[in-house]
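Trainee: Could we go through this model together, one question at a time, with the reasoning spelled out before each answer?

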Amino acid sequence: MTTSKLNDFVIKLANVNGTGSASANGMLMKSIFRMGIPVTGKNFFPSNIQGLPTWYEIRISKDGYLCRSGKVDLMIAMNAETYKADLAEVDPGGYLMYDSTWPRNDILDRNDVTVLGIPLSAMCNEAFESARAKVLMKNVAYVGALVALLDIDMDVIENLLKETFSTKPHLADANIQAIKMGFDYATENFDCPLPLKLSPMEATKGHVIVDGNTTAGLGAVYAGATVTSWYPITPSTSLIDAFSLFCQQLRKDPETGENNYCVIQAEDELSAIGMVLGANWNGARAFTATSGPGVSLMSEFLGLAYYAEIPAVLYDVQRVSPSTGMPTRTQQCDIVSAAYASHGDTKQVLLFPSDPSDCFHMSKIAFDLAERLQTPVIVLTDLDIGMNDWMIPEIEWDDSYLPDRGKVYDAKQLKDMDAFYRYLDVDGDAIPWRTLPGVDSKGAYFVRGSGHNKFGGYTEKSDEYTDVVDRLRRKFDTAATLVPAPIINIDDAMPREKNYALLSIGSCDGAIREAREKMQLDGQGNLDYMRIQGFPFHKDVAVFIDQYEQVFVIEQNRDAQLRQLLTVELDIDPKRLIPLLSYDGMPVSSNFIVEGVTALIKQGHAA
Amino acid sequence: MSFLKKPKISHPGLPTNEIGLTIRDYEGAMSTLCAGCGHDSISSAIMQAYYELSIEPHRVAKVSGIGCSSKTPTYFLGGAHGFNSVHGRMPSIATGANAANRELNYIGVSGDGDSLSIGLGQFGHAIRRNINMMYLIENNGVYGLTKGQFSASADRGSTAKKGDANPYSPIDPVLLAISLGCTFVGRGFSGDKEHLVPMIKSAIKHEGFALLDIISPCVTFNDHEGSTKSYAHTRANLRETVYADFTAQHEEIVAQVDPGEFKKITMHDGSRVGFKRVDESYDPTDRISAITYIEEHRSKGEVVTGLLYLEESASEMHSVLGSNKQAMATLPYSKLNPGAETLTRIQARWR
Ligand SMILES: Cc1ncc(C[n+]2csc(CCOP(=O)(O)OP(=O)(O)O)c2C)c(N)n1
Ligand code: SF4
Ligand SMILES: [Mg+2]
């Protein structure tokens, strides 16, 4: 029943949080990458420091599919507590490895799964002295067994270990010893390699493995951000950590050793966004990062920033909500709350990155848009993008890039003009000119959240108020022309499905691309697919939707928030937008989409 | 400028300061507060202080929260940028602004409601970070703008206009600030401009967070008998401690040695604050005894005023962070962009 799966299978590692499995699992994934085979790693971890179950899922895909497939071919079941569920998850014909120091013959109730028992604890207890090493090295030993079972290149593993422990060679030795122990046991006791196996390829050249919080933080450095303030919250913390770390490495003044950046840990999210507004008002590029609960706290200030027209960049790394929800699981659940963040008639500019590559490039776009439009820009990323290990093409940077600082009058321009008025639509694009504090008293004005007229003066006059808010609405028409256009995927090589199409945002992309190709290959239809990259919606969005009877809107939340936004903003008949929703906290899989879309098409035909 | 300024009539006879500006150059828009409001007197002391210090208005940044008090930055220094933010959140705006440009002079104006209720957290944390700014609480014991509810600074037993007595104990911003490690703490009275101006000047020149709690009666909602924040009650119960005299660096040579001065503190820019004793027992550089003194007199219903605590040696936020001396906002992009080659190097670690 086992079919050979060369460079195309899923390994899931079930561990106990806090036992040091993360580095062993990361090493396993990286060694596959270094063999030239496309691979990604997803972490399903608990909101806990030690003791609760945690999983790492490695997908190996010679075709370069990077999403979850929805299947598991090989389970490394290191957690007794989840053993039963882990066994149940293995695909028929798959394998399960476990620590046979404690044999489990009694509960091996699947005859369509091959069980590989390795006495990992017994081996490590014998080989290592310290209690810590005994625990840690079990993880390394199962990687060693996998080297034999999957035919991983031993040189690659050894080199990785040497690099990792270059400053602590004795640790490298211990690790290599554990690898060899696992390797030898597997070679002596099993038929190696398994039909699930690896063979070197050349498909990862020019690629890197990285998470989106790292690239977003680095993107902010390249965009020229100098001030950040934040309040720790999973899954956004590592974005700020990345920014701080890169700044420490790249932003020390070579002459004075002083920092060309300020990182301030705020007392809460209200303060974090306040600092960001204060800094942007004063001419620095400043940003914050948070998740849903933080966006709720920031929303009063976001209204002020919208109305008083202050640039700001906010990364919302979405997680399962409402409230604390499942803080270590992923969702796209802040679309509506971010789009309309704050009281009154407010609207915010949103960007939807789909992977770590986008996180880097959209950082630059976010700062440029925020200053060009003089309004907050919210980058809606998510835990899957932000904290998982993605394979992406190496990021390129054009050194000729210059930040778009938007319309800011300098001292000379101010000197040459009769008078400056803050909120005049001088250029007809509904974007006024601003001035920075400290430059010239002629540019002085008073930022206020209270009613103001186009000159910047306080007002309670109806027509003066509506004049300003109507311009703000027009400014969003300008914004729609400046946000990145949607990415439209049309495949003309075979007949196209005329009635239906796919529409989505962000991290659903990988799963949708794979699902589309599968459906094409299986003759289930060739569906056009649009991925929206920004809000307000670019004009191409409506043009695309108009071509089909029905569009399947795929997103990762319960209430079809993207669909709500499309319906309201583009005045589309809701019946034409059919939701396909995944909101269990796991990154959406290609399987889910194939099944969901197929079922929807069937229903459509029946109707 | 984008607001209604008072008509600027040039008075040829008006004296000018060292940068050739008259006091009128430090004015702002016409006040819309109630006639007699303490806040207006404070604005006038602020103008006087900046004028006397010869600070160019456009090098000042004014920030405030929400309330009658927080409206006042429109009414002074019209040549300075201002930011009337949201209720209780001015400290974060000030912190971010200061992070972006350490070269400007920051004045924050707040009220007792703004700083001691909704904004208590931000107030405390701005002190903790020792933001280089002057922070004024225009303290009237009520929420003026929302029509006279008790604020958190209202004394227990103080009565509202309709007669209800406040049942809760007050938060004293001065005691709070000293205990949080604030490096400059003073209390003044809007009705006493003579002592207010030198204290404001010292606060402006202080490197670090300078808190001034200024009792500023609300004539409309809290100036009746039974209120402990009325003009009459404040005047009758003032307990003066020390008076601060401010001497700019360049005036030093000509300044007479004042026999009444018992302590001098040199500020970062070389100017100095001289303390004159009013109450023999008070030492404005001893934190513990200052707290005890203020507590003791507060329990007798007295309002302790003066430059109550000063520590000029502590580090403000940027020196703690190790920031560039140049403002972040004016760093050229060439200094911020690590470049394509560096990016390639970084990514080599991601393989
Ligand atoms: C979030 C929020 N809540 C409530 C208000 C209403 N509000 C405006 S001013 C104010 C109190 C101001 O009191 P204080 O700071 O003492 O200023 P004063 O008017 O007494 O000078 C309140 C509660 C508001 N503007 N924002
Ligand atoms: S209500 Fe009170 S605080 Fe407000 S302006 Fe009038 S007197 Fe001043
Ligand atoms: Mg008040």
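Trainee: Leaving aside residues up to four places away in sequence, which residues does B:T342 touch?

Mentor: Keep in mind throughout that this is a predicted model. B:T342 sits in helix α11 of chain B, which spans residues 340-348, and its relative accessible area of 10% falls under the 20% limit, so B:T342 is buried. Once residues up to four places away in sequence are set aside, the residues that B:T342 touches are A:Y222 and A:L250.

Trainee: Turning to the ligands, is the site of ligand 1 shared between chains or not shared, and which chains surround ligand 1?

Mentor: The shell around ligand 1 holds 18 residues, and the closest are B:C68, B:S69, B:D112, B:G113 and B:D114. Those names carry the letter of chain B, but the shell as a whole has to be considered before the site is assigned. Because the residues that surround ligand 1 come from two chains, the site is shared, and the chains are A and B.

Trainee: Which element gives the largest share of the shell around ligand 1?

Mentor: In chain B, at least two residues of the shell are supplied by each of α2 (68-71), α4 (112-116) and β5 (142-143). By character, the shell divides into six nonpolar, nine polar and three charged residues. The largest share is three residues, and the element that gives them is α4(B).

Trainee: How much of the accessible area of ligand 1 does the protein cover?

Mentor: It helps to begin with the polar contacts: an oxygen atom of ligand 1 lies 2.8 Å from an N or O atom in the side chain of B:D112, and an oxygen atom of ligand 1 is also 2.8 Å from a backbone N or O atom of B:G113. For B:N140, a polar side-chain atom is 3.1 Å from an oxygen atom of ligand 1. On its own, ligand 1 has 590 Å² of accessible area, and the share of this that the protein covers is 77%.

Trainee: Which residues are the protein donors of the magnesium ion, ligand 3?

Mentor: The spacing of the donor residues in sequence is D-x27-N-x1-V, and the distances from the donors to the magnesium ion run from 2.1 to 2.2 Å. With their donor atoms, the residues are B:D112 (OD), B:N140 (OD1) and B:V142 (O).

Trainee: How many residues apart in sequence are the parts that the pair B:D112 and B:N140 ties together?

Mentor: B:D112 has a relative accessible area of 2% and is buried, and B:N140, at 4%, is buried as well. B:D112 lies in helix α4 of chain B, whereas B:N140 lies in the loop between β4 (133-139) and β5 of chain B, so the pair ties together parts whose separation in sequence is 28 residues.

Trainee: How many charged residues are there in the shell around ligand 2?

Mentor: The residues that surround ligand 2 are B:L33, B:C34, B:C37, B:H39, B:C68, B:N140, B:C218, B:V219, B:T220 and B:F221. They divide into seven nonpolar and three polar residues, and the number of charged ones is given as no charged.

Trainee: What distance separates the C-alpha atoms of A:S100 and A:E57?

Mentor: A:S100 is in the loop between β6 (95-99) and β7 (114-118) of chain A, where, not counting residues up to four places away in sequence, A:S100 touches A:G117, A:I118 and A:P119. A:E57 is 43 residues from A:S100 along the chain, and the separation of the two C-alpha atoms is 22 Å.

Trainee: Which peptide bond is cis with omega near 0°?

Mentor: Most peptide bonds are trans. The bond from A:C192 to A:P193 is cis with omega near -10°, and A:P193 is in the loop between α6 (169-189) and β8 (196-197) of chain A. A:P322, in the loop between β13 (312-318) and α11 (335-339) of chain A, belongs to the cis bond with omega near 0°, which runs from A:S321 to A:P322.

Trainee: What is the phi of A:A560, which is not a glycine?

Mentor: Most residues other than glycine have a negative phi. A:A560 is in the loop between β22 (550-555) and α18 (561-570) of chain A, and it is buried, with a relative accessible area of 5%. Its phi is nevertheless positive, at about 55°.

Conventions. Residues numbered from 1 in each chain as written. Chains lettered and ligands numbered in written order. Predicted model: local features only at pLDDT ≥ 70, side-chain atom pairs only at ≥ 80, totals over all residues. Heavy atoms only, no water. Near = heavy atom within 4 Å. Polar contact = N/O pair within 3.5 Å; in protein donor to acceptor, adjacent residues only side chain to side chain. Areas by Shrake-Rupley, 256 points an atom, 1.4 Å probe, with all protein chains shown as cover. Helix = DSSP H or I, 4+ residues; strand = E, 2+ residues; numbered from the N terminus. Nonpolar A, V, L, I, M, F, W, Y, C, P; charged D, E, K, R; others polar. Donors = N, O, S within 2.8 Å, 3.2 Å for Na, K, Ca; no water. Buried < 20%, exposed > 50% of the residue type's maximum accessible area, 1.4 Å probe, protein only. Contact = heavy atoms within 4.5 Å.
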